[in-house]
Each structure stands twice: as C-alpha cells, then as structure tokens.
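Here's a quick briefing on how charged side chains pair up in this one. Have a look at the model first, then read on.

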Amino acid sequence: MPPATQDKDADTAATPAASDKRLLPLGRGLAVPPGAAPRSAVPSVRYDLAVSGTGEALDDGVPGDEPREIFERGGASWYGIQFHQRKTANGERFDMGAMTAAHKTLPFNTRLCVRSLVNGSEVLVRVNDRGPFTPGRIIDLSRAAADRIGLTSMGIKQVALSVIDREGMRCGGEAVAAGDLQPALLPEAPTSRVRAPAPARKQAAVPPRKRR
C-alpha cells in the first residue's frame, strides 16, 4: 500500500540512526560562562558547636539601631509537658507556656534574645533554670519559646544568644521596654551556720562534809 510505505519512509528519515551525524562528547569547560551571574544563591549557615564570647555582632537591619553582640552560639533544645509545673533551679514552677529558658551559667532573670541561625527568627526569654548538660547545646527553651522560632519541629537548632540589658534594644523586631528588664539574680550561696557559744554551767555549791 503506497500510503503506508510513505509513512514508514518518513519515520525512518526522522530517526537519528538514519542521519550521518554522530553525538559529540560534552566539553570539560564550565556550564556557566565566566563572569555570568549565578543562577541561585544559598545563604550559608554556621553549624559550629557551642562557642562562647564569639565577638560577632547581629544587626536586625533597623536604621539607627546598634548591632547586638553575640554572647554565645551553639545548639538549642526545648522541654515541655514532662517538666510542666515542676520546680526550676530558682524555685519557680516551670510553665511551658511562658517565655523562659535554662542556661548553665547566666544569672537568673537574665534576658536573652535567642536568634535561630536557620530561619532568622528571634524570641526574648528569661533565664530561670539550669541546663542543658549535653555537649554542644547551650540553652533549653520552654515549649512556647521553641515554637516561636520553629524549634519544636526540628528538635535541635543552631542559635545565637545576645544578652538584653539595656532599654530600647530590639529582639524579634520589637524594642525591649524597661519593665521587661528585671535585675539579674545570682544563685544564693549556702550560708554557714554559726553556733552560739553555750552558756557557762553554774557549779552547784556542795557543803562540806561533817566530821564524825
């Protein structure tokens, strides 16, 4: 049948095997010409272990605000319902819905701005407990504070801590009011009990024995 023969000849001519051209190997040069703009830019994230006194500064981009100095950088974890209403190291009852945190050395009532190094979100917390005691982790956040920076879905996240000790400093895009800056309290040192001197015992007068 002539029509079928014509279709078969057309298909054969369209196949690469019917042509005399051969596939050439790919060149070893760069796919992007030199000087061309990059097609994508992925921000770098630092996943170092706990580092204290880094000397770095964080800038939230607000004109006129001075950058905050990073006090410590490392891993953050969180704790919630299993410790709810238990006593913390400063004697308070732990509230998983409050913006509090546990730190190893900072005085109680210290205000910290915790910034996620993954998504850049921040939360203002108050230190009222001690911990964590796992290498590489520098802070334990309450459930509510962890939710604020998206920590509960990841378990452990790299954060940077900045001490908020002056009125007007910013955390999470908001200026910290003077009422939020409670004085830091050092842990009470155990007092040694001083024993009062025992009263001197009175010697009873014994009458002399009569001679027989």
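A salt bridge here means a side-chain nitrogen of Lys or Arg sitting within 4 Å of a carboxyl oxygen of Asp or Glu. By that yardstick, this predicted model holds five salt bridges. In general, side chains of opposite charge can pair when their charged atoms come close.

**Around Glu 122**

- Glu 122 pairs with Arg 115, and their closest N and O atoms are 3.7 Å apart.
- Glu 122 also meets the side chain of Arg 68 in a salt bridge, at 2.7 Å from N to O.
- That second pair ties together parts 54 residues apart in sequence, because Arg 68 lies in strand 3 (residues 68–69) and Glu 122 in strand 7 (residues 122–129).
- Put the shared partners together and you get one network that joins Arg 68, Arg 115 and Glu 122.

**Buried or exposed?**

- Arg 68 and Glu 122 are both buried.
- For Glu 122, the relative accessibility is 13%, and buried means under 20%, so Glu 122 makes the cut.

**Inside helix 2**

- Arg 143 and Asp 147 form another of the salt bridges, with 3.4 Å between the closest N and O atoms.
- Both residues belong to helix 2 (residues 143–148) and lie four residues apart, which is about one turn of the helix.
- Asp 147 is partly exposed, at 40% relative accessible area.
- Arg 143 is partly exposed too, with a relative accessible area of 34%.

Notes:
Residues are numbered from 1 along each chain as its sequence is written. This is a predicted model: local features need pLDDT of at least 70, side-chain atom pairs count only at pLDDT 80 or more; totals for chains, interfaces and linings use all residues. Side-chain values use heavy atoms; hydrogens and water are left out. Helices (H or I, at least four residues) and strands (E, at least two) are DSSP runs, numbered from the N terminus. Buried means under 20% relative accessible area, exposed over 50%, partly exposed in between (1.4 Å probe, protein chains only).
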